[in-house]
Amino acid sequence: MKHKPPQMPASGVAERPKTKTQRPHRRILGKQAPEENKIQKKTVRRNYISTSNEWTFELLEKYDREISRIAKDKFKLDTYPNQIEVIRSDQMMDAYASVGMPINYNHWSYGKHFLSTEQAYQRGRMGLAYEIVINSSPCIAYLMEENTLTMQALVIAHACYGHNSFFKGNYLFRTWTDAEAIIDYFLFAKAYIAKCEERHGVEEVERLLDSCHALMNYGVDRYKRPAPISVEEEQQRQKDREHYIQQHINDLWRTVPESKDKKSAQKKKRFPEDPQENILYFIEKNAPMLKTWQREVVRIVRKISQYFYPQRQTQVMNEGWATFWHYTILHELYDEGLVSDGFIMEFLASHTSVIAQPAFDSPYYSGINPYALGFAMMQDIRRICENPTEEDHRWFPDFAGGDWLETLHNAMRNYRDESFIQQFLSPKVIRDFHLFYLDDDDHIETINVEAIHNEQGYHLIRKQLAQQYNLSHREPDIQVFDVNVQGDRTLTLHHFMNNRRPLGPDTIEVVKHIRQLWGYDVKLHSVDEQGKVATTYAS
Amino acid sequence: MSSYIVDRRLNSKNKSTVNRQRFLKRYRKQIKEAVSDAVNKRKLEDMESGDSISIPKKDLSEPVFSHGPGGKRSIVHPGNKEFVAGDKFKRPEGGGQGGAGEGQASDSGEGEDDFVFQISQAEFLEFMFEDLALPNMIKMQLSSDDEFNYKRAGISEVGSPNQINIVRSLRSAHARRIALGGKKRKLRRILREELAEFIETTPKPYSEKQKKHKLALEEEIAALTSKLNALPYIDEFDLKFNLRVKNPQPSPKAVMFCVMDVSGSMTQEIKDTAKRFFYLLYLFLQRSYKKIEVVFIRHHTQATEVSEEDFFYSRETGGTVVSSALELMGDIIKDRYPPEQWNIYGAQASDGDNWQNDQAKCNEIMVNSILPMVQYFSYIEIGQQEPQELWRLYTRLKAQFSDRFALSKVRDNSEIFPVFRELFKRQRVQKA
């Protein structure tokens, strides 16, 4: 999970509020006249953890202790243990390039990401992420050496208590990932793929990985609860699987002729009987030509994609939750007199740029900022609980005026972006964001504004926005439909069109990758709402 | 406390090196093209520096299923200012791109068709000179400044500490201790036996005389022991060292002659192109062969040997007598680079212009004193014009010395690098 503020200006940190410049002065004063300083401290009755903005390991520990106390005792955030790692910026780029994982197998595409990150960073076009946090137990969070103490505190609150508690509490993460085992699994995967490269050559493995990566988003059963990833089990069963799978496959592709009536009975039965949305799984289990090590590699990519699946579905919630908590916890620190005015001003400056939402016509606009939307919604839930208006009572009878902490925890645990927005997006947030709903239909000459932030529009906008975060709406719905088992082994996929949207220009390339894995011809039909085939891609 | 803070700043860096290398390897072809383009476009001075390389994005896409333009798209945007429900407006130019969906936002946000990244200077040169080599590098010669490898040659009394032979040193120390202490040790043994016998045979209590005798024995034994202990366990002259001797290794030695016309007929543009050619050559030689000497000769009506700096940057003009340069080259070979020891390469750049009466002399020098001695001679003629006198002459020579003579026509800067690659393409080793 990367936390990257959208077009975070470097000046956000450099430009310090005025109170800060006064601080060194006070320190000099303190050195020269310690008594005077003591008196001054007593009169403000402040008990700052630190007054310097340079971080040290002791200070990090102190901040972590205070933040942890507030998070756990006061706000009941339940987290995995934290492992906070301080790294240099180039290490951050490394981590960035390999999808944030501390260990990952080698692949050219990570090199590509690294080069572009490096380029952007060196040209000053982009600030590095403040932090990367990994859904594992212990929860690993990276702090960058270059950050100021304030930023480190922000990151600790955001990542180590915000994201961490989300990873531990949200139902999707609980269902789909096993935080205890993930690091071991990545180790296993890296070692296994390295071994394959040794045996079968780097290029061969690379070709296979290319094909698997093309299908990475189609490696998940959306409606089936998966077995959690566990590394011991993986290693134990890997050998058995090799034998077993081959047997099973030979069975499927049996070429010995069978009796006639049996054949005709089979003809009517499709294989697979029901369309399969987990294309990688289908290939792993059924592709006739794959060798056992190749099946294992497909499996690895599939398992890793499964690990990232919850993150793709909870962007707004996850970031909103973490942002809400860094905001709330750091203010709590301030209220307790543990941090200075300068600290909180610097914090607010960067917080503000993290949750900035450019308007649709701004040159900086690149969609809705999940930090902004998530944070606004979380804040608003608290407001609805604490100071409900008449409108809130009407819209949210269940929790308006209720216990905000409980409501938030409940939302965090049991929702994903789509359902979260559907349930909790309030008219006030819609108004604050000036959300409007556009319809762009290529059957109509014009683009139409369907709804804006008014009484008639709230429901429409909320429904549409929720839909926007629905993965099955966002990504094309493509499923394995049929295999010509008796004949030329052609694999047929169906793309179930949604709102008549066709597939993108890359489609034929992806189909080629599927062919590579399948070993025989592959057809992909785009099927419209009436069940008619609109386009066919074949390879 | 549930948090654990670790300092990872000293952990190994460059975790992405492998992935980066894989990327460079995979897109070798595109990067090479980009490097060639860069070489053609660059200024002479920053020819060799590493740079940002850009290759078309579409070549390195990682395809995934996505929605294409078209169909019905419904999108919620923030920041409404004046729209009300029911507003209709024209689709912006470019079809359905108007409201970019989630999937496209990142693409159009970048707004670039090229993937740009940095490579280092070493990598740049690597890509630039890949597959190139000086042809016909065959003569191996021993000489004083050749490379050496080291060979073991027994044991020596002197040497540097890292070459100490421990077994031999300890053995010699042992021998020395035996030699120096043998007599004393023998005496001590006798005295000890005497003492033991005395103790055994003499009943206690001892008389005064007996006591004295015993004490004397004991003192003598103690004195001998301390003398023996004073023998050093290991001494400086015990040390033995492995002896290694230098063994000269034959290695190919080469000299490269760069000959350039700087006469009046050479326009500034042509000179720049020529400079570019030699500069490439110079970089190439510097990189590919550590032991190579380069001789720069420039000429108009007279030829002079100049430094690299002068060769590339000073300006002179005059008429053209090519033979002067060839003659000088022949002389230098005779004086300093005997062909039996040196692999000699020549490269000449000119606009092809030559004094008519000089042609015969050129021919003679080339045939008699240059071409028989060189491994390879390349000539480039620069300019838009029709082939000139020199070209015609050299074409005839080419037929005669096809194994070691190459010539090529270059119209402008952009052709330099391809021609260069052509001339120095790595070939199978030919036995002359």
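## Chain B at a glance

What share of the contacts in chain B with a separation of 6 or more comes from residues 24 or more positions apart? In this predicted model, the figure is 83%. The chain has 432 residues, and 29% of them are buried. Its secondary structure adds up to 12 helices and 15 strands.

The domain assignment splits chain B into three pieces: domain 1 (16–58 + 113–128), domain 2 (161–243) and domain 3 (251–423). Between the C-alpha centres of domain 1 of chain B and domain 3 of chain B there are 30 Å.

## Where the chains meet

Now for the contact between the two chains. Chain A puts in 82 residues and chain B puts in 61. On the chain B side, the elements that each supply at least two residues are strand 1 (3–7), helix 1 (17–26), strand 3 (72–77), strand 4 (88–90), helix 3 (102–110) and strand 5 (114–118). Sorted by class, that side of chain B has 24 polar, 21 nonpolar and 16 charged residues.

There's strand pairing across the chains, too. Strand 2 (residues 82–87) of chain A and strand 1 of chain B run parallel and are joined by five bridges. One pair to look up is A:Val86, whose bridge partner in strand 1 of chain B is B:Asp7.

## Strand 4 of chain A and its partners

A:Val86 also has a partner within its own chain: in strand 4 of chain A, that partner is A:Leu143. The pairing of strand 2 of chain A with strand 4 of chain A is parallel and covers six bridges. On top of that, strand 3 of chain A is joined to strand 4 of chain A by four bridges, with the two running antiparallel. Here A:Glu131 is the residue opposite A:Leu143.

How many of the six residues of strand 4 of chain A are buried? Six of the six, so to speak, and the strand is mostly covered. A:Cys139, A:Ala141 and A:Leu143 point one way, A:Ile140, A:Tyr142 and A:Met144 point the other way, and all are buried.

The link between strand 3 of chain A and strand 4 of chain A is a hairpin through four residues. A:Pro138 sits in that loop, between strand 3 (131–134) and strand 4 (139–144) of chain A. If you check the backbone there, you'll find a cis peptide bond between A:Ser137 and A:Pro138, with omega about 0°.

## Two positive phi values

Two other loop residues of chain A deserve a look at their backbone angles. A:His434 isn't a glycine, yet its phi is positive, near 55°. Its place is the loop between helix 21 (427–433) and strand 5 (436–441) of chain A. With 17 other C-beta atoms within 10 Å, A:His434 is partly exposed.

A:Arg489 is another residue other than glycine with a positive phi, in this case near 65°. The loop that holds A:Arg489 runs between strand 7 (477–483) and strand 8 (491–496) of chain A. A:Arg489 also counts as partly exposed, having 16 C-beta neighbours inside 10 Å.

## The domains of chain A

Chain A is divided into domain 1 (2–170 + 314–354) and domain 2 (370–472). Their contact draws 15 residues from domain 1 of chain A and 17 residues from domain 2 of chain A. On the domain 1 side, helix 7 (149–169) and helix 15 (315–335) of chain A are the elements that give two or more residues. Helix 15 of chain A has the largest share of that side, with eight residues. By class, the domain 1 side has seven nonpolar, six polar and two charged residues.

## Core and helix face

The largest nonpolar core holds 218 residues, and B:Phe257, B:Cys258 and B:Ile297 have the most contacts inside it. Its largest share, 12 residues, comes from helix 7 of chain A. Setting aside neighbours within four places in sequence, B:Cys258 is in contact with B:Phe278, B:Leu281, B:Val294, B:Phe296, B:Ile297, B:Phe311 and B:Ala347.

Which residues of helix 12 (residues 413–423) of chain B are buried? They are B:Ile416, B:Phe417 and B:Phe420. Looking down the axis of helix 12 of chain B, these buried residues fall within an arc of 85°, so they line one face of the helix. The general background is that an α-helix has 3.6 residues a turn, so residues three or four places apart point the same way.

How values were computed
Residues numbered from 1 in each chain as written. Chains lettered and ligands numbered in written order. Predicted model: local features only at pLDDT ≥ 70, side-chain atom pairs only at ≥ 80, totals over all residues. Contact = placed C-beta atoms within 7 Å. Nonpolar A, V, L, I, M, F, W, Y, C, P; charged D, E, K, R; others polar. Pairing = 2+ DSSP bridges. Buried ≥ 20, exposed ≤ 12 C-beta atoms within 10 Å, placed from the backbone. Arc of directions from axis to C-beta. Domains from an automatic or database assignment. Core = buried A, V, L, I, M, F, W, Y, C linked by C-beta atoms within 7 Å.
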